[in-house]
Protein chains: 2
Amino acid sequence: MSEPQRYTSSSLEAFLESALLAGGADVPSARAATRAMMHASRLGVDSHGVRLLPYYLSVLASGEINGHPQIEVLRGEGATAVLDADGAIGHLACYRAMEVAVDIARTQGIGAVTIRRSSHMGAAGAYPMWAAEQGFIGLLTANSDAAVRLFDGRDAFHGTSPIAIGAPVPGQRPWLMDMATSAIPQNRVLLYRSLGLRLPQGVAVDEKGVNTTDPEAARVLSPVGGEQGFKGAALAGLVEILSAPLTGMALSTELVPMYGQPSTGAPRDMGGFALAINPSAFIAPEIYGAIMIRYLANIRAAVPAEGATGKPMAPGDREWAVEEERARNGVPVDPVSEEAFAELAGQYGLTLPQKA
Amino acid sequence: MSEPQRYTSSSLEAFLESALLAGGADVPSARAATRAMMHASRLGVDSHGVRLLPYYLSVLASGEINGHPQIEVLRGEGATAVLDADGAIGHLACYRAMEVAVDIARTQGIGAVTIRRSSHMGAAGAYPMWAAEQGFIGLLTANSDAAVRLFDGRDAFHGTSPIAIGAPVPGQRPWLMDMATSAIPQNRVLLYRSLGLRLPQGVAVDEKGVNTTDPEAARVLSPVGGEQGFKGAALAGLVEILSAPLTGMALSTELVPMYGQPSTGAPRDMGGFALAINPSAFIAPEIYGAIMIRYLANIRAAVPAEGATGKPMAPGDREWAVEEERARNGVPVDPVSEEAFAELAGQYGLTLPQKA
């Protein structure tokens, strides 16, 4: 396998935005989706980065995603709101929900927003990262079509059910976790198929529920945790509860799949949940900041285990390192996506991104 | 190893409460601690059950725990409060915090309470279980003295950092997860030492950071997730952020250890966090209830994987089954605890619990 070609971040960004506009998205939708995809591609979450552009264009074309949504925010009791996304592209719905949660938390100390009638939102970490940059602890989660088995189960039951949380750190990049509750993200399996790589052990099973490392034979992912996979499945359950019963939207098993058949144009009507916490509602900002800084310094100074291949890192540290490297050397694009971009450029008369 | 002796639940409960009262706890403290320990012992969380009675008595005796606390609740902005536990036994602090969170969520839709100056609170699941019984989604978490390494780390860094969440299910027991973010609870290592059992693979390391299954050689636990242990470590980080920077209390590495040396009587000043969500602030109760019931029915009907030793279960299902069995056959008490109970009975002139 050869190294993927690198492109400049700014030219990829311009390409994504113009492709989305040409594909029927309004300006807020195109900007939100571009921003979230570039977040993923800049930070190394390639599974949820620019490679998803053709997918979003296909569901914009089919009408499955509403490119000109009228998003409604219904403020509820006290510190709550319900956001009806009107079938918007998930990135726009999630940025808006996070903004509303932060707005509420400014005066109420905490804000919770359920998201209704949304669609795939890419890398969940983009939204709490924004919240953390505003000085708030942010959480965003959403279910998705079933791709992960239950602990001891055979068939797809939960979505990959990401939980993304960001926390502000004064003078530094945020603490940022963005974890699938599956042992591997579904999009990474597709990426590994495209790149011809084998899967790690114990992350996926075949049609009988037996472990496999062949991305072509992998039918269903396993919950994170291995022998303690009941914990991963329980975390996926938390995501499901916040995304379906609490929003009135569908369970993972009931959602129209993201891939696998041509889009009928029916909206996916996905649920999700955004939460923001204002630290200063609980503690003096200088105390919060001092303890966060001490905590992160302790992580970065921790002694590695004998035989460890890496050194201890804070959630996000790997991403900031990738971001720096890619700012210098460009953002890689896998061969399948390169081909798709060339096709799109022809179809819509767009300027292709520039090689780095 | 012989089967541990069984005792009746009601006589254990009476024994615990009278021992705590005799040991210097006031009635609310003794009742809260008894209720939480019995929650654990009835549901099969033996590591956090009645076996901890001698520990709580020892720290009541040393003054490390304040048996007559003046707990203060400071309502903050909007949907928040700060609870100052005045060195109370952790069970009392956590039940109170959860009650305050639920009270706030009744009118604000969501309620968040930080806990200051608390102490060990036993099984974290006891508190969100109570919230779920009131019709609220509850979350409770707290850090504790360092016992779990970072991913790729050698030394103890985070507490076992439990995350416990309960969600109401109409007409049924709640959905209830109570997971250590370590690969195994610290108290279970101590229990396995007492019972002479080997640890599972990949849950603990020796002084060099190398895996071991010997509970006597185990120096530090590993974060849950195995090769994806960075996820377990990130979840522990979430617990740490909610418990220390957000409360002004100590990091796990800074806390006075629970075990390992005689208590000096200095309070442990532990932090924690309670959250309650009122589902009806977001969605009609009958819709929430119908989707929860459908979700749980789907879990319980899921097909097992080929070679699976168990069938798929919802979080809590294993516990309700144990609870039913123990209601019939009594609650087991390990030999080390039996001996300690006999000593306490002599010391305080208490009636020993009755064999089942």
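Here a trainee and a mentor talk through helix packing and ring contacts in a predicted model.

Trainee: Let's start with aromatic pairs. Are the planes of Phe15(B) and Phe341(B) stacked, edge-to-face or tilted?
Mentor: Over all chains, the structure holds 10 aromatic pairs. In the one formed by Phe15(B) and Phe341(B), the ring centres are 5.2 Å apart and the planes sit at 45 degrees. Under 30 degrees would count as stacked and over 60 as edge-to-face. At 45 degrees, then, the pair is tilted.

Trainee: How many residues apart in sequence are the parts that this pair ties together?
Mentor: Look at where each ring lives: Phe15(B) is in helix H1 of chain B, residues 9-22, while Phe341(B) is in helix H10 of chain B. Both Phe15(B) and Phe341(B) are buried. Because the two rings lie in those two helices, the pair ties together parts whose separation in sequence is 326 residues.

Trainee: Staying with H1(B), is it roughly parallel or roughly perpendicular to H3(B)?
Mentor: H3(B) covers residues 53-62, and its axis is 10 Å from that of H1(B). The two helices pack at an angle of about 15 degrees, and angles under 35 degrees get the parallel label. So H1(B) and H3(B) are roughly parallel.

Trainee: Which residues of H3(B) does H1(B) meet?
Mentor: Start on the H1(B) side, with Phe15(B), Leu16(B), Ala19(B) and Leu20(B). The crossing of the two helices is right-handed, by the way. Over on H3(B), the partners are Leu53(B), Tyr56(B), Leu57(B) and Leu60(B).

Trainee: Now chain A: are H2(A) and H4(A) roughly parallel or roughly perpendicular?
Mentor: H2(A) runs over residues 27-43 and H4(A) over residues 90-108, with axes 7 Å apart. Among the residues that meet are Ala32(A) and Arg35(A) from H2(A), with Leu92(A) and Tyr95(A) from H4(A). The packing angle is about 85 degrees, and 65 to 115 is the range for perpendicular. The helices are therefore roughly perpendicular.

Trainee: Back in chain B, over the face of which residue does Arg173(B) lie?
Mentor: There are two arginines to look at here. Arg35(B) lies over the face of Tyr95(B), 3.7 Å from the ring centre. Arg173(B) is 4.2 Å from its ring centre, and that ring belongs to Trp320(B).

Trainee: Last one: which strand and helix do the buried residues of H6(B) pack against?
Mentor: H6(B) spans residues 186-195, and its buried residues are Asn187(B), Val189(B), Leu191(B), Tyr192(B) and Leu195(B). Right after the helix comes Gly196(B), with a positive phi near 70 degrees. The buried set packs against strand S11 (220-221) and helix H10 (335-348) of chain B.

Notes: Residues numbered from 1 in each chain as written. Chains lettered and ligands numbered in written order. Predicted model: local features only at pLDDT ≥ 70, side-chain atom pairs only at ≥ 80, totals over all residues. Heavy atoms only, no water. Buried < 20%, exposed > 50% of the residue type's maximum accessible area, 1.4 Å probe, protein only. Helix = DSSP H or I, 4+ residues; strand = E, 2+ residues; numbered from the N terminus. Contact = heavy atoms within 4.5 Å. Phe/Tyr/Trp six-rings, centres within 6.5 Å; stacked < 30°, edge-to-face > 60°. Lys NZ or Arg CZ within 6 Å of the ring centre and 35° of its normal. Axes fitted to C-alpha atoms, helices over the stretch in contact; angles between N-to-C directions. Parallel < 35°, antiparallel > 145°, perpendicular 65-115°, else oblique. Left-handed = near helix turned anticlockwise from the far one by under 90°.
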